[in-house]
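The exercises below are meant to be worked through with the coordinates open beside the text. Each one sets a task and then gives a solution in steps.

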Amino acid sequence: LAMCIQPNGDLAPSIRQPQCETNKKCRLCLAICPMAGGVHNPRPKNDDLFSPTRSDGAVFNEHIGWHLRCVVGWRKDDALRRTCASGGLATWCLETLLETNAVTRVASVRLAQKHDKGMFEFFAASSVKELRASAGSIYQPIEISGILREIARDKTQRWAIVGVPCLCAGIRNLKHLREQIPYVLGLACGMYQNIFYTEMLLAKSGVDGKNARRIEFRRKSDDGPPSDFRFRGTDNRGPGKEVPYRGLPYYLGKHAFFRLNACNFCKDVFAETADACFMDAWLPEYVADPKGASLVVIRDERLEDVFQSAQAARELFLEDIAAERLVQSQRSHVKRKQTSIHFRNSSHTNEDAPRYVAMRERLDWWLQQRTQQRSKQAWARFGRPYGRLAFWAAMLDLVAAQLLLVQGPSRFTAFSRKAVSKVVRWLDS
């Protein structure tokens with residue numbers, strides 16, 4: 001079994017027929033994959049790793065699971081803080097683990113040397129300099145088996161791995177590597193798109209994806225709020241134009257363009273199997289600071305000591321914050337992944353399902369399913385060879401349906417033709 005980029009842009013397993021046919025009882029891939037049961041529910045693993053039987057002082061929140069402490073803060077070095085996606089606490093934590101020899105390697109992400117398995121790759125960072133060079137958010141699934149083979153080969157190294165919730169859960173299932181991976185750090189996640197999302201944004205940025213030298217998903221503005229970030233690609237001709245997040249990237253994410261189907265059946269927002277989970281402080285009192293702030297769920301006692309020491313040394317600004325505030329900061333993701341998941345999954349019992357789901361929400365889910373599938377087909381068939389306008393032409397009926405759902409029938413009828421035309425021109429401008 002190998003993870004490969006599929007024709008529809010997804011990173012997914014490609015079955016090696018002879019081996020799988022020979023040993024049909026193996027099922028190793030199903031034992032590791034957190035989505036093997038149809039829905040990823042992290043709570044049993046969270047109970048096993050971080051409940052009071054394992055961690056003194058553990059407290060429970062229905063959306064976050066068992067944890068020790070929730071904090072908000074940032075690193076006090078403004079120059080480094082500005083280079084990070086939010087307040088820089090995730091990068092700082094990894095740097096500290098390296099500097100104190102708690103780990104000797106960090107599985108970090110960089111632009112791939114070869115693009116056969118995607119535009120990005122995991123690599124072994126062994127210094128703070130290498131970590132800082134690869135700092136920044138990446139919104140694309142990334143193949144990790146090469147790093148896992150490296151971890152298995154050299155049992156003298158101790159690793160930290162940082163990733164989205166499903167990756168953290170998969171790493172936790174690797175029982176034979178537990179001693180080599182003493183720290184698993186998570187990132188709060190709402191959903192992910194496949195590599196076509198990056199390709200389309202590179203095209204809009206005016207960059208040749210095959211010759212991309214740098215891809216920035218979250219360039220901070222100098223004076224605007226941290227939510228005012230931009231996408232930008234750079235190729236051998238230089239930097240492309242900046243694409244504001246509130247434009248095309250937000251539209252694609254909200255309406256399920258290129259979305260990985262597994263994300264529709266994942267209940268994990270706060271990386272419940274990770275020793276700590278990091279996220280942006282999307283809260284009123286922090287959202288206006290252009291340098292950004294981080295929220296952190298701390299579950300591991302060793303990491304709690306690390307943060308307390310840095311707080312006492314005034315290396316970080318940290319304050320305790322209620323778990324409910326973290327849930328508030330991710331409320332749309334919590335609703336979609338934990339509250340609304342039941343009516344999307346037919347295997348749930350009637351007791352699990354909500355008593356009433358609004359017709360608008362059901363229509364939205366129906367439309368998202370079709371947009372998710374068609375967008376991948378349209379980009380592969382029309383967008384890649386002919387460009388973005390050809391892609392939008394293939395998606396025009398679904399774009400109109402999205403506008404109808406948002407505006408309502410009466411308002412939509414009044415300006416439907418002009419509205420759809422303007423939307424497509426704006427998306428591709």
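**Exercise 1. A helix and its cover**

Which are the buried residues of H8? Work this out on the model, which is a predicted one, and then identify what covers them.

*Solution.* Begin by locating the helix, which spans residues 165-172. Applying the cut-off of under 20% relative accessible area for a buried residue, one obtains Pro165, Leu167, Cys168, Ala169, Gly170, Ile171 and Arg172. Since seven of the eight residues are therefore buried, helix H8 is largely enclosed by the rest of the structure. The cover itself includes the helices H2 (28-32), H3 (43-50) and H7 (145-153), together with the strands S7 (120-125), S8 (159-163) and S9 (183-187).

**Exercise 2. The strands around that helix**

Determine how S8 and S9 pair, and then follow S9 to strand S14.

*Solution.* First, S8 and S9 run parallel and are joined by four bridges; within this pairing, Ile161 stands opposite Val184 in S9. Next, taking the helix into account, S8, H8 and S9 make up a β-α-β unit that is right-handed. Then turn to S14 (residues 276-280), which pairs with S9 over three bridges, again in the parallel sense. Here Leu185 has Ala276 in S14 as its bridge partner. Finally, consider the burial of S9: four of its five residues are buried, so this strand is largely enclosed by the rest of the structure.

**Exercise 3. A buried charge**

Which side chain of opposite charge is nearest to Glu304, and how far away is it?

*Solution.* Glu304 is found in helix H11, which covers residues 301-312. The nearest side chain of opposite charge is that of Arg69, at 5.2 Å. A salt bridge requires a side-chain nitrogen of Lys or Arg within 4 Å of a carboxyl oxygen of Asp or Glu, and Glu304, although buried, has no salt bridge. Arg69 is nevertheless among the contacts of Glu304, which, once neighbours within four places in sequence are left aside, are Leu68, Arg69 and Ile298.

**Exercise 4. Salt bridges and their exposure**

How many salt bridges does the structure hold? Examine three of them, stating the N to O distance and, where it is available, the exposure of the partners.

*Solution.* The structure holds 21 salt bridges. Take first the one in which the side chains of Asp48 and Arg54 meet, at 3.7 Å from N to O. With a relative accessible area of 37%, Asp48 is partly exposed, whereas Arg54, at 51% relative accessibility, counts as exposed.

Next, consider the side chains of Glu121 and Arg110, which meet in a salt bridge at 3.0 Å, N to O. This pair links distant parts of the chain, given that Glu121 belongs to strand S7 and Arg110 to strand S6 (residues 105-111), 11 residues apart. Arg110 is partly exposed, with 35% relative accessible area.

The third case is the salt bridge of Arg325 with Glu285, in which the closest N and O atoms are 3.0 Å apart. Here too distant parts of the chain are linked, for Arg325 lies in helix H12 (residues 323-329) and Glu285 in the loop between S14 and strand S15 (294-298), 40 residues apart. Both partners count as partly exposed, Arg325 at 24% relative accessibility and Glu285 at 46%. As a last step, look for salt bridges that share partners: one such network joins Arg214, Glu216, Arg219, Arg230, Arg232 and Glu242.

**Exercise 5. An arginine in helix H13**

Is Arg336 buried or exposed, and which residues is it in contact with?

*Solution.* Arg336 lies in helix H13, residues 331-339. Its relative accessible area is 16%, so Arg336 is buried. Leaving aside neighbours within four places in sequence, the contacts of Arg336 are Gly190, Met191, Arg259, Cys263, Asn264, Ile341 and Arg344. As a check on distance, the C-alpha atoms of Arg336 and Cys266 are separated by 9.6 Å, with these positions 70 residues apart along the chain.

**Exercise 6. The whole protein**

What share of the residues counts as buried, and what share of the accessible surface belongs to carbon and sulfur atoms?

*Solution.* Of the 429 residues, 54% count as buried. The accessible surface comes to about 21,100 Å², and 52% of it belongs to carbon and sulfur atoms. To complete the overview, the protein has 18 helices and 16 strands, and among its contacts with a separation of 6 or more, 66% are between residues 24 or more positions apart.

Definitions and conventions: Residues are numbered from 1 along each chain as its sequence is written. This is a predicted model: local features need pLDDT of at least 70, side-chain atom pairs count only at pLDDT 80 or more; totals for chains, interfaces and linings use all residues. Side-chain values use heavy atoms; hydrogens and water are left out. Buried means under 20% relative accessible area, exposed over 50%, partly exposed in between (1.4 Å probe, protein chains only). Helices (H or I, at least four residues) and strands (E, at least two) are DSSP runs, numbered from the N terminus. Contact means heavy atoms within 4.5 Å. Lys and Arg count as positive and Asp and Glu as negative; His and the chain ends are not counted. Accessible areas come from the Shrake-Rupley method with a 1.4 Å probe; for residues, only the protein chains shown count as cover. Two strands pair if DSSP finds at least two bridges between them. A crossover is right-handed if, with the strands pointing away from the viewer, the path from the first strand over the helix to the second runs clockwise.
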